[in-house]
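Here is a short briefing on a structure. The sequence and coordinates come first, and the notes follow by topic.

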Amino acid sequence: MSEEHPSHLQLSYQPSLPMRNGKTFMWLFLSTEIMFFSALIGTYIVLRFGASAWPKPHQVHLVEWIGAFNTFVLIVSSLTIVLAMEFAQKNKPVATRRAILATLLLGCVFLGVKGFEYKAKFAHGIFPQKPHSRMYERPDVYYKQALEMRLRLKVSGEDDTDAKSAVDADDTVTKTDPAKDAAADQGQEDAAATGKTVQQEMYDFLKNSDLSDKDRKRLKEDFDFVVDAVKSRGTTDEAALAATMLAVSEKIMPTHQGDSDEHHVGLNDAFGDLKLPVVIPGGNMWASTYFLLTGFHALHVIVGLIVFAILLPIKFGPHNYGVIENIGLYWHFVDLVWIFLFPLLYLF
Amino acid sequence: MPDPSDSKSTEAADHDHGGFGKYYAVFVALCVLTSCSFMTYFPFWEEHFSDHVGWAFMMAVSCTKASLVILFFMHLKYEANWKYVLTIPAAMMSIFLVLMLVPDVGMRRDKYSEQRKVRAAVAVEEADNHEQPHDHGGK
C-alpha cells in the first residue's frame, strides 16, 4: 500500500522550450553574439579612454553625416524585414518578397557607403598596420626620416616594399651615434639632390592642375616648407624639431577643421601620388580598433545579405514565416550593434 | 497537462502584439533618437555642454534605441519568461568581460617607468613637456 504511486500526479515531459527550435537556436546564437560584440566594444572603450592620445574624427577623415546616413539605412532595413515577416504571416507573398528585396538593397547600400569610407581612409594612408599605414605617433626624428625617405623614393620610383627595407636599413645606421653625423650629411646631400627633382615634379603638377591661383601659391609654399624642413640639418633640440615636424604634418594633411570659408586642402589631398607620412597621435590604435569593429560588423552584414539573397526566390506564407523571423532577429541584432558603434566611433 | 498545440497557439498570439502601426511608430522613434545623438556633432552643443555630458547623452540615446529594437522589432516584449534565461546571463557575461579588461588594458599606463612613458605614444603637448631626449640606444 505504502509503495503505491499517487495516481493524481501526472508528470509530462516537455522536450523543448515552447517555441520553434529554429527560434530557440537563433536566440542562443544571438546570446553568444552579444558577448562577442560587447567584448569588442568594451575593449574599444577601455582602450580609447585609457589612451594618452586619441585622434579627433576629422583627423582620421571620419565624416559624421555619412555615419548618420548609414544608421538611417540600417534602421529602415530593420523596418522592412519586420514588415516582411508581417506580410508573410498575413499571406502576402509578393509584398514579402518586395520587403526582403528592399532589405537586401539597403544592406548593399550600407556596405557600399562603408566601402567608400574605407577607400577614403586608405587614400590618406590610414591602414590598420604597417607597411601601408603612413601614420606616425610623434613628430620626432623617425618621422623626419620617413618623410625624407618618401621624398627620395618618390623620385627614384621604387615601390613600397623597397621603401620598407630602405627605411629599416636607415634605422640601423642612424641608431649608432658615431655614424649618425656622416649618415645625416649623406642624407642631406641626397635630399638636396633629389628634393630639387621632387620640387620640379610638384611645380609641374601645380602648373597643370586646375586649382585656383591662391591654392596653387599656397601649396607651392607649403611644399617648399616641407622640403626645407626635411633638408635642414638635424637639431638636438627635440622640442624645436617636434614643432617643425608638426607644422610639416599640418601642411601635408591639415588636422584642424577649416575655420575659414574655404576647404583647407593639404599637400596629400592635392597631389595624391605624394603619399607623405603624417603625424596623428594615437592614430594607429584608432585604426586597429576602427577597422576591427567595423570590419566584423560588415562581415555580419554580408552574411545577412547572403541569406536574404537565398530567401528571395522562396514563396513565404503563414506556414513558413518563421524563417523570416529568424533571419529578422539576426538582422535586428546587426542593426543593434551599429546603434552602439555609430556614436562610439563617429561622435565620441 | 500542456497540449502540444499550445506552443503554436501561444506563438501565434505573441505576434498579434506587433502590427504595422507599432512598427512604424518604433521606426519614427528610432529616426528621432538618431537625430538626437547626431545633434552633439553641431557647434552649439560643444558651446553648451561638456564632452562627458555628450557621451552620457549619446549612450543613453543608444540604450533607448537598443531597447526599442529588442522589445518591438525582436518581439522580446511579448515573449514568455525564457527570454530572461537567455538575455540575463549573456548581459552579465558581457559586463564581466569588460570589467576584466580594466586592470590589464585600461590601467596599463599607471605603472609605466619614466623611460616607458617617454617612449609611449603620448599626446603632442605632453611630448613637448618632456625635456629629456629619448634616443639613447635603449640603455
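## A buried glutamate and its partners

A:Glu325 is buried, at 2% relative accessibility. This is a predicted model. The side chain of A:Glu325 forms a salt bridge with that of A:Arg20, at 2.6 Å from N to O. A:Glu325 sits in helix H11 (residues 321–347) of chain A and A:Arg20 in the segment before helix H1 (21–50), so the bridge ties together parts 305 residues apart in sequence.

**The network around A:Glu325**

- A:Arg20 is partly exposed, with a relative accessible area of 24%.
- The pairing does not stand alone: A:Arg20, A:Lys23, A:Glu325 and B:Glu79 are linked in a network of salt bridges.
- The network reaches chain B through A:Lys23 and B:Glu79, whose closest N and O atoms are 2.6 Å apart.
- Over all chains, the structure holds 9 salt bridges.
- As a general point, side chains of opposite charge can pair when their charged atoms come close.

**Salt bridges within a helix**

- A:Lys114 and A:Glu117 form a salt bridge at 2.9 Å, N to O.
- Both residues lie in helix H3 (residues 93–123) of chain A. They are 3 residues apart, about one turn of the helix.
- Is this pair buried or exposed? A:Lys114 is buried at 3% relative accessibility. A:Glu117 is buried too, with a relative accessible area of 3%.
- A:Lys217 pairs with A:Glu221 in another salt bridge, with the closest N and O atoms 3.4 Å apart.
- That pair belongs to helix H7 (residues 213–231) of chain A. A spacing of 4 residues separates A:Lys217 and A:Glu221 by about one helical turn.
- A:Lys217 is exposed at 54% relative accessibility. A:Glu221 is partly exposed, with a relative accessible area of 46%.

**Chain A as a whole**

- Chain A has 11 helices and 2 strands.
- Along the sequence, the elements of chain A run α-α-α-β-α-α-α-α-α-α-β-α-α.
- Of the 348 residues in chain A, 51% are buried.
- What share of contacts in chain A between residues at least 6 apart in sequence joins residues at least 24 apart? The share is 80%.
- The accessible surface of chain A is about 16,500 Å². Carbon and sulfur atoms account for 62% of that surface.

**The interface between chain A and chain B**

- In chain A, 63 residues are in contact with 60 residues of chain B.
- The area buried between the two chains is about 5,600 Å², and carbon and sulfur atoms give 72% of it.
- A:Trp27, A:Ser52 and A:Arg138 lose the most area to chain B on the chain A side. Together they make up 12% of what that side buries.
- How many salt bridges are there between chain A and chain B? The count is 1. The pair is A:Lys23 with B:Glu79.
- Between chain A and chain B, 5 residue pairs are in polar contact, both residues at pLDDT 80 or more.
- H1, helix H2 (64–89), helix H8 (238–252) and H11 of chain A each supply at least two residues of the side that touches chain B.
- H1 of chain A gives the most to that side, with 16 residues.
- By class, the side of chain A that touches chain B has 39 nonpolar, 11 polar and 13 charged residues.

Conventions. Residues numbered from 1 in each chain as written. Chains lettered and ligands numbered in written order. Predicted model: local features only at pLDDT ≥ 70, side-chain atom pairs only at ≥ 80, totals over all residues. Heavy atoms only, no water. Salt bridge = Lys/Arg side-chain N within 4 Å of Asp/Glu carboxyl O. Buried < 20%, exposed > 50% of the residue type's maximum accessible area, 1.4 Å probe, protein only. Contact = heavy atoms within 4.5 Å. Areas by Shrake-Rupley, 256 points an atom, 1.4 Å probe, with all protein chains shown as cover. Buried area = accessible area lost by both parts, 1.4 Å probe. Polar contact = N/O pair within 3.5 Å; in protein donor to acceptor, adjacent residues only side chain to side chain. Nonpolar A, V, L, I, M, F, W, Y, C, P; charged D, E, K, R; others polar.
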